[in-house]
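I opened my notebook to look at one sheet and what packs on it. Here is the model I worked from.

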Amino acid sequence: MAALNRIDLSILRILEADARISFAALAERIGLSKSPCWSRVQALEKQGVILGYHARIDAAAVGKGLTVFALATVDFARAEAFEAAVLRHPAITDCHSTAGAGDYLLRIVAADVADLDHLLRKELSQLPGVQRYTTTVCMKAIKEGGGLMG
């Protein structure tokens, strides 16, 4: 991957704050014309620096007001099947392989406690290779979706 220069970093900082900005406005803010600006953004996408553009959605507004973090211990012989199942599961929004007390840290969204109970007893516990898990219920999000570019 090519080293990022000052202009690339400026583009990333601006897009991270407002991915809906027009190329004309982005170009003006970084001091380029529209075409070279567009080319730089395309290059950043092609290099895999920009992974995508997303809308942040209020979970409670779509009926998923309960967030839980689960630390799962998985039989490593079944880790690949576990990861594939996690990728397909709609209630698991994030999954990270970890080193420490557990093997994977999952972020799970549920409608309420009854929905969470079902998810944990009937779904998470049945994922391939799950040996055990512990959960922590999020009471309030203090910071979510923090930027990388400062």
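**Start of a helix**

I looked first at the start of helix 5, where a side-chain oxygen of Asp112 comes to within 3.2 Å of the backbone nitrogen of Ala114. Helices (H or I, at least four residues) and strands (E, at least two) are DSSP runs, numbered from the N terminus. The model is predicted, so I note that local features need pLDDT of at least 70, side-chain atom pairs count only at pLDDT 80 or more, and totals for chains, interfaces and linings use all residues. Residues are numbered from 1 along each chain as its sequence is written, and side-chain values use heavy atoms, without hydrogens and water.

**Two sides of helix 5**

Which residues of helix 5 are buried? I found Leu116, Leu119 and Leu120 in helix 5 (residues 113-123). Buried means under 20% relative accessible area, exposed over 50% (1.4 Å probe, protein chains only). These leucines lie on the same side of helix 5, because they cover an arc of only 90 degrees around the axis; the arc is taken from the directions from the helix axis to the C-beta atoms. On the other side, Ala114, Arg121 and Lys122 are exposed.

I then checked the cover over the buried residues: it includes strand 1 (66-74), strand 3 (104-110) and strand 4 (130-137). Contact means heavy atoms within 4.5 Å.

**The sheet**

I traced an open sheet of four strands, antiparallel, in the order 2-3-1-4. Two strands pair if DSSP finds at least two bridges between them. Strand 2 (92-97) and strand 4 are the edge strands. Strand 1 and strand 4 pair over seven bridges. Leu71 stands opposite Thr134 in strand 4.

Notes:
A polar contact is a pair of N or O atoms within 3.5 Å; within protein, one must be able to donate a hydrogen and the other to accept it, and residues adjacent in sequence count only if both atoms are side-chain atoms.
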